[in-house]
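Dear colleague,

I am passing on to you the structure that we spoke about, with the sequence alongside. Please look through it first, and then read my notes below.

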Amino acid sequence: MDLSETLRRKVEAAIAEKRPLKILGGGSKAFYGRETRGAPLETGSHRGIVDYVPSELVVTVRSGTPLVELEQALAAEGQMLGFEPPHFGPATVGGMIAAGLSGPRRPFTGAVRDFILGVKLLSGRGEILTFGGQVMKNVAGFDLSRMMAGSLGTLGVMLEVSLKVLPRPEMEVTVRQEISPERSLETMARIMGKSLPVSALAYEEPFLTIRLSGLEAAVAGAAARLGGDLLSEGERYWLELREQRAPFFTEGESDLWRLAVAPAAPLADIPGRWLLDWGGAQRWLRTSATAGEVFAAARVAGGHATLFRTSGERGQVFQPLPPELARLHHALKRAFDPHRLFNPGRMYEDL
Amino acid sequence: MKPELRAELIRSLTRFIPADAILSTEEERKPYECDGLTAYRQLPGLVVLPEDLAQLKGLVEVCREREVPLVMRGAGTGLSGGALPLADGVLVSLARWNRILELDAVNRIARVQPGVRNLAITEAARPFGLYYAPDPSSQIACSIGGNVCENAGGIHCLKYGLTVNNVQGIRILTLSGDEVELGGSGYDGPGYDLLALLHGSEGLLGIVTEVTVRLLPLPEETRTLMAAFPSVGGAAAAVAAVIREGLVPAAMEMMDRPAIEAVEDYLHAGYPRSAGALIICDFDGPAVQVGEELAKAGRVMKQEGAEEVKVAADASERLRLWAGRKSAFPAIGRLTPDYYCMDGTIPRHRIAEVLAGIADLAGCYGLRVANVFHAGDGNIHPLIMYDSSAGELERVEALGREILELCIGVGGTITGEHGVGVEKLDSMCQQFGRGELKLFHDVKHAFDPGGLLNPGKAVPTLSRCAELGGMHVHEGRLPHPELERF
């Protein structure tokens, strides 16, 4: 059902009453980011696939559409979302874009933002605006569509998004090798530097786990070349990693951090347990170290850290921005959402 | 620019910029009067070639204090007039910032200065078994800073994406003098994705001072297939069918009959002259996979009515097939005093319909059009043949505008990879409404409140729609005749 006009009227009312809004899709990522205040603006009923031509590799979908529904529609045509997004519950497409999270396939195919072709956005002025389009190449106007990925709903209410999709690989196989932590990063770097049909690469002591995707002959050839044992439940392994249902994520009480750093960067000296995904570029850390320590370690490695899950307070969740970058964030927020209606404080306290 | 202002700028700048990096005489400024879109020319007020960041920062400060606008320029190969100078402004060339600062083969990145040539990155990476994927046709000359500003494409976008998908981080200098790092050492940065925003921003938001690109492992094998079809409609259906089959070719290019004939007359690439349309596609990756994909694609092409399917037997045949495609522009240039290259993108399943529409329109205008384009991306480049000495330019521009309207009408866009610059300002008014354009201006204001960085480009003011144009070629003379254009 198309509820664009209903949502627009609600935003207009919020502008008139100077009342902040908390955009709510499926609520599956309520744990992620900082807490926000505001009256709920529910998008879950604004749903449905608007346009899908499989031979175009493009789908246009309303933001409230359940992610499961979209993935099923694509699978029925032998296609998929190339960035393998985590659901973390009853996710909607809009929330998936706003969170900007990508799964294990990301280093090999791209992130959420790489697949966004266009959006229809409800702005903080109560206007429905369209950016980008349904085509693969488009350099008309500033690329405001990709900026929606990871913006946590702070720039506007997404109404529709057009995504590039990919064909599903003919087959996927997962192999696993036992490797010492000292050799993990260099081994992953060596594999990533070769022309191999790898589609996921993760290390959790003592196992290096590799997924291969493609035509049968290519996958079999690469598996033989890499060596290691075939993991019969490979598909489940990657699903549980993506959805954070693996024991690494579920056991213990310590905070879960995400560090995005150069794939082969040496591990920061922080006490805790590590799981390396994305060939080392996305590192999960369970630790009781302070936020200051983790942010500092990420900064030293030229990357950034996110307090992903915590049972404690969600104060500074995202890497503090340097002042000049923070200034640009505030200026852009004012451009999109001059009345500061949408998800205030969800990303940074004063944004 | 008033001589007094020029003299004052020179006085201020020579305190920290060597005199030979400041070009002030008309003769010195002349080479900078246009970029690859030569139909538009403007002598800049002053040309400055800063040698390092300190000089650039000083230059920005001097200009900001005096409210003098700046236009940045890389190699000057852009096709939409994005680097067209301003009479009252300073043109800043970063072409000399051409050092590769770091090539990290382990993390598969190259950190480079903005003036580094696109192809130079791949040349430096190749010994490590790596390469930089985006390959605009001007890659031998165009600079990576310009590639970022234009979000440059090329023939491998379907599989490998555009510049935005292959850059991991950039450093920019804003007009307020702030150095800002966007992206990070990993695959993403904190906060909003300003890295994506800067791509294709046509130099309106910040000055790109450093670029970190992602490198990919060289594919084990690349092979090429050519398929000939009786009609454009059949070829377009085959493009869709190949993708529907789950294949993602590294490149998938199409030529129509006028283009095929022009190329065969020019260099005998071995294309069947009787064909109504031709598809050339590349598959790359692990050797076993490539072989199978090629066979599958060949089967699909035949099912869709291909009269001939030919797989290049070896590297030399492969290069010959591509040589024809890559020389299509100059080949067409031989047939006509002038041609105009359009650039739009449409949904692939509308290709046949749009090409037929273009042919109808061309008939109405009494002009000939040849089509050579990136079919896999739906990125069309109709080449309108004409004679400027016969006063046909106005008619060509009117046809061009109608072609872009056709693109918008089927859900496409007015520019796939050449940018808006100055040439497509009025088509921007057709593509976007007031609300969108207003937000573009607000975003510009967020980065550059004084409006001094490349003002008047890319986003039209609400009250103004400039003339439409295209890549203008007179008497077969390309703006950069040494460059390939395809």
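In this predicted model, strand 6 (residues 116-122) of chain A and strand 7 of chain A run antiparallel and are joined by five bridges. To find one of these pairings by eye, you could start from Val119(A), whose bridge partner in strand 7 of chain A is Phe131(A).

Both strands belong to an open sheet of five strands in chain A, which follow the order 3-4-8-6-7 with antiparallel pairing. At the edges of this sheet lie strand 3 and strand 7 (128-132) of chain A, each of which pairs on one side only. From one strand to the next, the twist averages 10 degrees.

Some backbone details may also deserve your attention. Leu57(A) is found in the loop between strand 3 (49-53) and strand 4 (58-62) of chain A, and its phi is near 60 degrees, a positive value in a residue other than glycine. Leu57(A) has 22 other C-beta atoms within 10 Å, and because the cut-off for a buried residue is 20 or more, it counts as buried.

Arg340(A), in the segment after helix 11 (323-336) of chain A, likewise has a positive phi without being glycine, here near 50 degrees. With 17 other C-beta atoms within 10 Å, Arg340(A) is partly exposed.

Lastly, the peptide bond that joins Glu205(A) and Pro206(A) is cis, with omega at about 5 degrees, and Pro206(A) lies in the loop between strand 11 (198-204) and strand 12 (207-214) of chain A.

With best wishes

Definitions and conventions
Residues are numbered from 1 along each chain as its sequence is written. Chains are lettered from A and ligands numbered from 1 in the order in which they are written. This is a predicted model: local features need pLDDT of at least 70, side-chain atom pairs count only at pLDDT 80 or more; totals for chains, interfaces and linings use all residues. Helices (H or I, at least four residues) and strands (E, at least two) are DSSP runs, numbered from the N terminus. A residue is buried if 20 or more other C-beta atoms lie within 10 Å of its own, exposed if 12 or fewer, and partly exposed in between; C-beta atoms are placed from the backbone. Two strands pair if DSSP finds at least two bridges between them. Axes are lines fitted to C-alpha atoms, for helices over the stretch in contact, and angles run from 0 to 180 degrees between N-to-C directions.
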